[in-house]
Amino acid sequence: MSAIGDPRGGRVTLIGGGPGADDLLTLRAVRALGSADVVLYDRLAPHALLHEFAPRAEHIDVGKTPGHHALPQSGIEALMVEKALGGAHVVRLKGGDPYVLGRGGEEVLACHRAGLPVEVVPGVTSAIAAPSAAGIPLTHRGVSTMFTVVSGHAPLDDDTLRHLAGLGALGGTIVILMGVANLPQITAGLARHGLAADLPVAVVERGFQPGQRTTVSQLGGIVVAAHRAGAESPAVIVVGEVVRLAHDGDLSAQGLMDRAARLTAMDA
Ligand code: SAH
């Protein structure tokens, strides 16, 4: 692996580790881990095999769990910069993709401010991978030609809800990360702005991880269904007709497929 910047100096590699399964790390990520002196990893990043992938590195859990960070963001950035300025190759291992609701941009800026060379290795984002693990394609010819990824970390304001509902009404798929706690506020808001109560919704917990589970209902029923199932973070919420495609043999999925096939045959 070629070194970046001054080979005698420290550097940072910011890695997107994917949704949690070790074999969804990219080859580039594994190679960077192999030359790491220090690895700072998040709870949602794949870290079970760090002893194998980064055998000579110091492994530091900067563990992000919802509402509890082992280290605050500023502390993570300070530690990363301090270790790299000391001459280490620091790998910052994050879940999903660093640039999708992952504060990767802030960490890159912290490196720039410190004059450190930094490389970003993209990862498989949970926004796409968790639905995929549940068999849900975010786009499907004739059903949905767009998707929007939104953070549900804070309650969504009315303007955002109105625009999202508009995209949903156009057939766009809505993908919500960090949205379990605010699911009631979000679904009520989308319904208030005109999305149909029978629009399918899926909550995919722990995609590509042990205990993966999908709860499927409709916009009007998902809050009760998710509550009954005890759905919890980390989960990706998918709102849109594409959710029907996840049900093998389900009649509504078949109807949707038939309609999509007719529509795409018409414009072929
Ligand atoms: N940068 C990350 C997202 C960080 S925000 C990415 O690209 O995936 C953290 C949120 O991601 C969680 O609250 C959850 O909504 C989602 N998430 C991450 N890993 C997940 C997984 N394996 N299954 C379901 N959701 C996941």
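Domain bounds, as used in this report, come from an automatic or database domain assignment. On that basis, the shell around the ligand draws at least three residues from each of domain 1 (11-124) and domain 2 (127-267). The structure described here is a predicted model.

## The ligand and its surroundings

There are 21 residues around the ligand, and those that come nearest are Val100, Thr125, Ser126, Gly207 and Ala235. By chemical character, the residues of this shell divide into 11 nonpolar, eight polar and two charged.

Several polar atoms of the protein lie close to nitrogen or oxygen atoms of the ligand. Three such pairs are listed below, each with its distance.

| Protein residue | Protein atom | Ligand atom | Distance |
|---|---|---|---|
| Proline 19 | polar backbone atom | nitrogen | 2.8 Å |
| Glycine 95 | backbone N or O atom | nitrogen | 3.3 Å |
| Threonine 125 | side-chain N or O atom | oxygen | 2.7 Å |

Taken alone, the ligand exposes 550 Å², and the protein buries 93% of that area. Two elements give two or more residues to the shell around the ligand, namely helix H5 (126-133) and strand E12 (235-239).

## Salt bridges

Side chains of opposite charge can pair when their charged atoms come close. A search of the whole structure finds 13 salt bridges.

One of them joins glutamate 107 to arginine 92, with the closest N and O atoms 2.9 Å apart. This pair links distant parts of the chain, since glutamate 107 belongs to helix H4 (residues 104-113) and arginine 92 to strand E6 (residues 89-94), 15 residues apart. Glutamate 107 and arginine 92 are both buried.

A second salt bridge is formed between the side chains of arginine 206 and glutamate 205, at 3.7 Å from N to O. Both arginine 206 and glutamate 205 are buried.

In a third salt bridge, arginine 244 pairs with glutamate 241, and the closest N and O atoms are 2.7 Å apart. Is glutamate 241 buried or partly exposed? Glutamate 241 counts as partly exposed because its relative accessibility is 28%, and the partly exposed class lies between the limits of 20% and 50%.

Some salt bridges share partners, and in this way Asp42, Arg92, Lys94 and Glu107 are joined into one network.

## Two buried residues in helices

Threonine 187 is found in helix H7 (residues 183-192). Its relative accessibility is 5%, and threonine 187 therefore counts as buried, the limit for that class being under 20%. A polar atom of the threonine 187 side chain lies 3.3 Å from the backbone oxygen of proline 184.

Valine 108 lies in helix H4, the helix that also holds glutamate 107. With a relative accessibility of 9%, valine 108 counts as buried. The C-alpha atoms of valine 108 and valine 120 are 8.2 Å apart in space, while the two residues are 12 residues apart in sequence.

## Loops and backbone geometry

Where in the structure is proline 234 placed? Proline 234 stands in the loop between helix H8 (222-229) and E12. The peptide bond that leads from serine 233 to proline 234 is cis, with omega near 0 degrees. Strand E12 is also one of the elements that give two or more residues to the shell around the ligand.

Two residues other than glycine have a positive phi. For arginine 103, phi is near 60 degrees. Arginine 103 is located in the loop between E6 and H4, and at 38% relative accessibility this residue counts as partly exposed. For methionine 178, phi is about 55 degrees, a positive value although the residue is not a glycine. Methionine 178 lies in the loop between strand E9 (173-177) and H7. Methionine 178 likewise counts as partly exposed, because its relative accessibility is 41%.

Threonine 26 occupies the loop between strand E1 (11-16) and helix H1 (27-34). The relative accessible area of threonine 26 is 27%, so this residue is partly exposed. Which distance separates the C-alpha atoms of threonine 26 and glycine 123? The separation is 7.1 Å, although threonine 26 and glycine 123 are 97 residues apart along the chain.

Key. Residues numbered from 1 in each chain as written. Predicted model: local features only at pLDDT ≥ 70, side-chain atom pairs only at ≥ 80, totals over all residues. Heavy atoms only, no water. Near = heavy atom within 4 Å. Polar contact = N/O pair within 3.5 Å; in protein donor to acceptor, adjacent residues only side chain to side chain. Areas by Shrake-Rupley, 256 points an atom, 1.4 Å probe, with all protein chains shown as cover. Helix = DSSP H or I, 4+ residues; strand = E, 2+ residues; numbered from the N terminus. Nonpolar A, V, L, I, M, F, W, Y, C, P; charged D, E, K, R; others polar. Salt bridge = Lys/Arg side-chain N within 4 Å of Asp/Glu carboxyl O. Buried < 20%, exposed > 50% of the residue type's maximum accessible area, 1.4 Å probe, protein only.
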